[in-house]
Amino acid sequence: IRATGFDPGSDLINGYRRFMAEDFLLIAQVESVEALEDIDAIAGTEGIDMLFVGPVDLSASIGSLGVFDSREFTDAMERIVSATLAAGKYLGSIRFADYTPYRLYQAGFDLVISGADTILLTQAAQDDLQQLSAELED
């Protein structure tokens with residue numbers, strides 16, 4: 001309780017409500033055909049601040065894993081962007097294929113992540129192993 005800053009005389013509940021209303025960003029991931037079918041409702045949901053496109057999972061759900069230039073995928077991206085912007089929500093994704101940060105920002109994206117967490121973690125582990133191996137050889 002002490003670690004959370006609990007003070008029996010404080011207005012903890014109202015403080016938490018203020019934090020949730022003013023400082024908390026709720027992000028919904030869009031990465032399936034089912035989400036695409038309900039994109040207008042998802043984008044219009046009160047309390048959701050951002051829709052984040054998961055391109056690899058979305059392409060897999062469409063039935064074309066990793067095929068980002070197919071008509072189905074580009075149509076899906078256009079629908080997501082259109083619905084999100086029409087709802088006045090933030091839009092995010094990860095850079096992928098020829099969807100460069102510049103292209104995504106030009107399309108209306110607010111957040112572009114440079115790499116997937118699993119890829120970044122794998123690369124960091126490989127770099128660390130390579131450095132350790134080089135140091136052992138010295």
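This passage walks through the strands, the aromatic cluster and the nonpolar core of a predicted model.

A good place to start is the set of paired strands. Strand S1 (27-30) runs parallel to S2, with four bridges between the two, and Ala28 faces Leu51 of S2 across this pairing. On its other pairing, strand S2 (residues 50-53) joins S3, again in the parallel sense and over four bridges. Here Leu51 has Leu91 of S3 opposite, while Val53 has Ser93 as its bridge partner in S3. S2 is covered on both faces: Met50 and Phe52 are buried on one side, and Leu51 and Val53 are buried on the other. Strand S3 (residues 90-94) is mostly covered too, with four of its five residues buried.

S3 also pairs with strand S4 (residues 111-113), in the parallel sense and over three bridges. In this pairing Gly92 stands opposite Leu111 of S4. Between S3 and S4 the chain passes through helix H6 (residues 101-106), giving a β-α-β crossover that is right-handed.

The aromatic side chains come next. Across the whole structure, the search returns five aromatic pairs. One of them joins Phe73 and Tyr99 in an edge-to-face arrangement, with 6.0 Å from centre to centre and 80° between the planes. Because Phe73 belongs to helix H5 (residues 71-86) and Tyr99 to the loop between S3 and H6, this pair ties together parts of the chain that are 26 residues apart in sequence. Phe73 and Tyr99 are both buried. Tyr99 has a further ring partner in Phe96: the ring centres are 4.4 Å apart and the planes meet at 15°, so this pair is stacked. The stacked residues are themselves covered, Phe96 being buried with a relative accessible area of 8% and Tyr99 being buried at 6%. Taken together, ring pairs connect Phe68, Phe73, Phe96 and Tyr99 into a cluster. Tyr99 also meets a charged residue, for the charged end of Arg103 sits over the Tyr99 ring at 3.8 Å from its centre.

The loop between S3 and H6 holds another residue worth a look, Ala97. Although Ala97 is not a glycine, its phi is positive, at about 40°. Most residues other than glycine have a negative phi. Ala97 has a relative accessibility of 61% and therefore counts as exposed, the cut-off being over 50%. The buried Tyr99 lies in the loop between S3 and H6 as well.

Finally, the largest nonpolar core contains 23 residues. Val53, Phe73, Met77, Ile80, Tyr99 and Phe109 have the most contacts inside it. Two or more residues of this core come from each of S1, helix H2 (33-37), helix H3 (39-43), S2 and H5. H5 makes the greatest contribution, supplying six residues. In soluble globular proteins, nonpolar side chains tend to be buried together. Ile80 illustrates how this core draws on several parts of the chain: with neighbours within four places in sequence set aside, Ile80 is in contact with Val30, Leu36, Ile39, Val53, Leu58 and Leu91. Among these partners, Val53 is also one of the residues with the most contacts inside the core, and Val53 is buried on one side of S2 together with Leu51. Phe73 and Tyr99, which also rank among the residues with the most contacts in the core, are the partners in the edge-to-face pair described above.

Notes
Residues numbered from 1 in each chain as written. Predicted model: local features only at pLDDT ≥ 70, side-chain atom pairs only at ≥ 80, totals over all residues. Heavy atoms only, no water. Buried < 20%, exposed > 50% of the residue type's maximum accessible area, 1.4 Å probe, protein only. Pairing = 2+ DSSP bridges. Right-handed = clockwise from strand over helix to strand, strands pointing away. Phe/Tyr/Trp six-rings, centres within 6.5 Å; stacked < 30°, edge-to-face > 60°. Lys NZ or Arg CZ within 6 Å of the ring centre and 35° of its normal. Core = buried A, V, L, I, M, F, W, Y, C linked by side-chain atoms within 4.5 Å. Contact = heavy atoms within 4.5 Å.
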